[in-house]
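User: I have a structure to go through with you. Can we start with the rings and then move on?
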Amino acid sequence: MPPAMPPGAAPHAYVSPIPVRAAHLGDALASEWTKIRSVRSTMWTLGTMVLLMVLIGLGVALVASSAAGESSSDSALALGFFGLLPASICVMTLGVLTISSEFGTGMIRTTLTACPSRARVLTAKALIFFLLVFTLVTVVAAVLGAMQVAMVGSATPSAAEWLRATVGAGLYLALLGLLALGVGAIVRHSAGAITVMIGVLLLPLVAALFMFSEAMRPLQELLSTYAIPSQMIALYSDTAPFGDSGPAGWEPVLIMAGLAAAALGAAYALLGNRDV
């Protein structure tokens, strides 16, 4: 028996027998989770990230354990930096591809047709990406850190050092990935956005190496101190590792959070005002 028509409806009006409801953020999150786990780029980039973190981290720990003649006063958790730096390139690449690949294939038109709220789409992409990278990096960093501490004769890490080397590392890389996602949404071209992010990662340190003039010394120190690799080193230190000033402890995470927020803010503004 066909469903009864609501009062006042035209005789020819169609009433769907399937319940219809308004879409919400949960639907966008489910869609983005399906996308990110079903594309090969996620498996390759995150798989390579894990491989680099483990192989380089264990290799450095093995060298440190064989070279150390006696127990060191420094924690072995700082060795995690050597795997974190190359892993950051994988995270940045995935962050860019999470959104720029849809612009390249034209899939973004289908996405925005299914979910006209552009802010909701970008929010869902950012949340799914952040949670995935944060969880994976934190788990790998915790396992790797335990192995490095067991291999290297060094001081027993404190709870604060463990927290920064695991949760802090996960937060830093996930926020760096959000920065890359924001750049990908702004540039809307995979190769271009990845090139920009590699420049952000490496250019400050490279530029600082060629600043020989005494007048350029303040700028050289600024670039050297706040470059992304330097911030990764500072994440494992309680005090500023490059002189009296500079970030240390949780400060690199706060700095990266500010950069990611600025990039995503620009991405929200441009995505809502540009054609696709």
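Analyst: Aromatic pairs come up next, followed by one arginine. Note that this is a predicted model.

User: How many aromatic pairs does a search of the whole structure find?
Analyst: The search finds 2 aromatic pairs. One of them is Phe 81 with Phe 82, in an edge-to-face arrangement. Their centres are 5.4 Å apart, with 65° between the planes.

User: Why edge-to-face?
Analyst: Because planes over 60 degrees apart count as edge-to-face, and the Phe 81 and Phe 82 planes are at 65°.

User: Is Phe 81 buried or exposed?
Analyst: Phe 81 counts as buried, at 13% relative accessibility. Phe 82 is partly exposed, at 41%.

User: And which residues form the stacked pair?
Analyst: Phe 130 and Phe 134. The centre-to-centre distance is 6.0 Å, and the planes are 5° apart.

User: Where do Phe 130 and Phe 134 sit along the chain?
Analyst: In helix H5, which covers residues 118-151. They are 4 residues apart, so about one helical turn separates them.

User: What about accessibility for that pair?
Analyst: Phe 130 is buried at 18%. Phe 134 counts as partly exposed at 21%. The cut-off for buried is under 20%, so the two fall on opposite sides of it.

User: New topic. Where is Arg 164?
Analyst: Arg 164 lies in helix H6, residues 159-187.

User: Buried or exposed?
Analyst: Arg 164 counts as buried, with 5% relative accessibility.

User: What does Arg 164 touch, leaving out residues up to four places away in sequence?
Analyst: Its contacts are Ala 169, Leu 235, Tyr 236, Ser 237, Asp 238, Gly 249 and Trp 250.

Key
Residues are numbered from 1 along each chain as its sequence is written. This is a predicted model: local features need pLDDT of at least 70, side-chain atom pairs count only at pLDDT 80 or more; totals for chains, interfaces and linings use all residues. Side-chain values use heavy atoms; hydrogens and water are left out. Rings of Phe, Tyr and Trp (its six-membered ring) pair if their centres lie within 6.5 Å; planes under 30 degrees apart count as stacked, over 60 as edge-to-face and the rest as tilted. Buried means under 20% relative accessible area, exposed over 50%, partly exposed in between (1.4 Å probe, protein chains only). Helices (H or I, at least four residues) and strands (E, at least two) are DSSP runs, numbered from the N terminus. Contact means heavy atoms within 4.5 Å.
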